[in-house]
Amino acid sequence: MKVNIRHRLSHTLLQSVGIIILSCVVGLIVNFFRSDGLALFGTWSPEQQLSNAHPGLSISVEEAEVLFNSGSAVCVDARSRADYDRGHIRGALSLPWQDAEQGLADVMEVLFDNPTIITYCDGDTCSLGKDLALFLTEAGFTDVRVLINGWSLWQQNSLPVE
C-alpha cells in the first residue's frame, strides 16, 4: 500500500513538472510570434519600460533639476490633492490624474507659459505621472516629460520642496 501511494505521488509530481515545462515552452513560442511580445532580456526598470513604450517621455532627476533651476519647466503633481498638500516639489502645480479633465482649465495658462512640463507622482510603480503626461500630450502640449518616482527622487536629492 505504501509503495502504491509513493508511486502515485511521484507519478503526479512528474506530471506536474511536465505540465509546467510544457506551459513554459508554449508561452515562449507564443511570445516569440507576437508582434508585441515581451522582451526576455533587458532592463526592466520603470524608466526603461517608459522609454521603450514612449520614447523621449522620461526625464532623469538630474535633467529635471537643470530645467527647474533654469526656470524653463513647470512641475505638475499627478497625485491626489491630499498628497500634494502633505508635500510637493516647490512651485509644482497640483493636477491629480483623476481630475485632470476638470482641472486642466485651472492650470492651462501656467502650462502654456512654460516650454517644458514635468509630471510626477510617487513610487516606481505609480503610473499617474505617465498617464497625466500622455493626457497633456493629447491636449496639445508638445514638451511633456515624466519624472518616474518623482516625489521620492526629488526628496532623496535634497531638492527644494514645500
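Biologist: How much area does the protein expose, and what share of it do carbon and sulfur atoms supply?
Modeller: The protein exposes about 10,400 Å² (Shrake-Rupley method, 1.4 Å probe; for residues, only the protein chains shown count as cover), and carbon and sulfur atoms supply 58% of that area. This is a predicted model, in which local features need pLDDT of at least 70 and side-chain atom pairs pLDDT 80 or more, while totals for chains, interfaces and linings use all residues. Residues are numbered from 1 along each chain as its sequence is written, and side-chain values use heavy atoms, without hydrogens and water.

Biologist: How many helices and strands are there?
Modeller: There are seven helices and four strands, as DSSP runs numbered from the N terminus (helices H or I, at least four residues; strands E, at least two). From the N terminus on, they run α-α-α-β-α-β-α-β-α-β-α.

Biologist: And what is the radius of gyration?
Modeller: The protein has 23 Å, whereas a compact globule of 162 residues would be near 15 Å (C-alpha atoms; the rule is 2.2 Å times the number of residues to the power 0.38). The C-alpha atoms fill a box of roughly 80 × 35 × 30 Å along the principal axes.

Biologist: What percentage of the residues is buried?
Modeller: Buried residues make up 33% of the 162 (buried is under 20% relative accessible area, exposed over 50%, partly exposed in between; 1.4 Å probe, protein chains only).

Biologist: Which residues other than glycine have a positive phi?
Modeller: Asn 149 is one of them, with phi near 60 degrees; Ser 158, with phi near 55 degrees, is another. Most residues other than glycine have a negative phi.

Biologist: Where is Asn 149, and is this residue buried or exposed?
Modeller: Asn 149 is in the loop between E4 and helix H7 (150-156), and counts as buried because its relative accessibility is 12%.

Biologist: And Ser 158, buried or exposed?
Modeller: Ser 158 lies in the segment after H7 and is exposed, at 66% relative accessible area.

Biologist: Changing topic, which classes of residue line the largest pocket?
Modeller: The lining has eight nonpolar, six polar and two charged residues (Ala, Val, Leu, Ile, Met, Phe, Trp, Tyr, Cys and Pro count as nonpolar, Asp, Glu, Lys and Arg as charged, the others, Gly among them, as polar). A pocket is an open set of 1 Å grid points over the protein atoms alone where a 1.4 Å probe fits, with protein on both sides within 12 Å along at least five of seven lines; lining residues have an atom within 4 Å of a point.

Biologist: Which element gives the most to that lining?
Modeller: H2 does, with four residues.
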